[in-house]
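Here is a short briefing to read alongside the sequence and the 3D view. Have both open and follow along at your own pace.

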Amino acid sequence: MAMIFGETDNYKLLTKTAFVHVDDLARAHIHLFECPNAKGRYICSKIEVTIEELYKLLSTKYPKYNISNIEFLLDAEKMEFPSVSSKKLLGTGFEFKSKTNEVRKKVACAEEAAVDMVDIERRRQSFNF
């Protein structure tokens, strides 16, 4: 949401971001509750996306949001974040089920929610809350 809201200070946190479909996340929770050998923490991430990929996707598919350019990050020293792996989760027999078309539907819902949030924030600011 930082890119949609234009919160460029938070772009540094998006250098590499892990994503998972909410349905897969819920299924993973249920799977681990039912798995007798599940112990400790598990990472549930289907893909990792760089800020460059995220910027390209969002600015191409949703040009009406006028997403701020990320060039200032490309020249700066990038923070290195370790990759995340769902290897432990997959080792319990869990399988990701989400499909690209389902993700697109969810993006459309998120787009509507983002527009609503931007409208709410503008109204809130106009009333000086």
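The notes below go from the overall layout to one helix and then to one loop residue. Please keep in mind that this is a predicted model. The protein has six helices and two strands, and 24% of its 129 residues are buried.

**Overall layout**
- Reading from the N terminus, the order of the elements is α-β-α-β-α-α-α-α.
- Among contacts in the protein with a separation of 6 or more, 81% join residues that are 24 or more positions apart.
- The accessible surface of the protein is about 9,700 Å², and carbon and sulfur atoms account for 56% of that surface.

**The two sides of helix H3**
- Helix H3 spans residues 51–61, and its buried residues include Ile51, Leu54 and Leu58.
- These three lie on the same side of H3 because they cover an arc of only 60° around the axis.
- Turn to the other side of H3 and you will find Lys56 and Thr60, which are exposed.

**Ile67, a loop residue**
- Ile67 sits in the loop between H3 and helix H4, the latter covering residues 71–75.
- Is Ile67 buried or exposed? Its relative accessibility is 9%, and buried means under 20%, so Ile67 counts as buried.
- If you want to locate Ile67 relative to another part of the chain, try Glu7: the two are 60 residues apart along the chain, and their C-alpha atoms are separated by 9.6 Å.

Terms used: Residues are numbered from 1 along each chain as its sequence is written. This is a predicted model: local features need pLDDT of at least 70, side-chain atom pairs count only at pLDDT 80 or more; totals for chains, interfaces and linings use all residues. Side-chain values use heavy atoms; hydrogens and water are left out. Helices (H or I, at least four residues) and strands (E, at least two) are DSSP runs, numbered from the N terminus. Buried means under 20% relative accessible area, exposed over 50%, partly exposed in between (1.4 Å probe, protein chains only). Contact means heavy atoms within 4.5 Å. Accessible areas come from the Shrake-Rupley method with a 1.4 Å probe; for residues, only the protein chains shown count as cover. The arc is that of the directions from the helix axis to the C-beta atoms.
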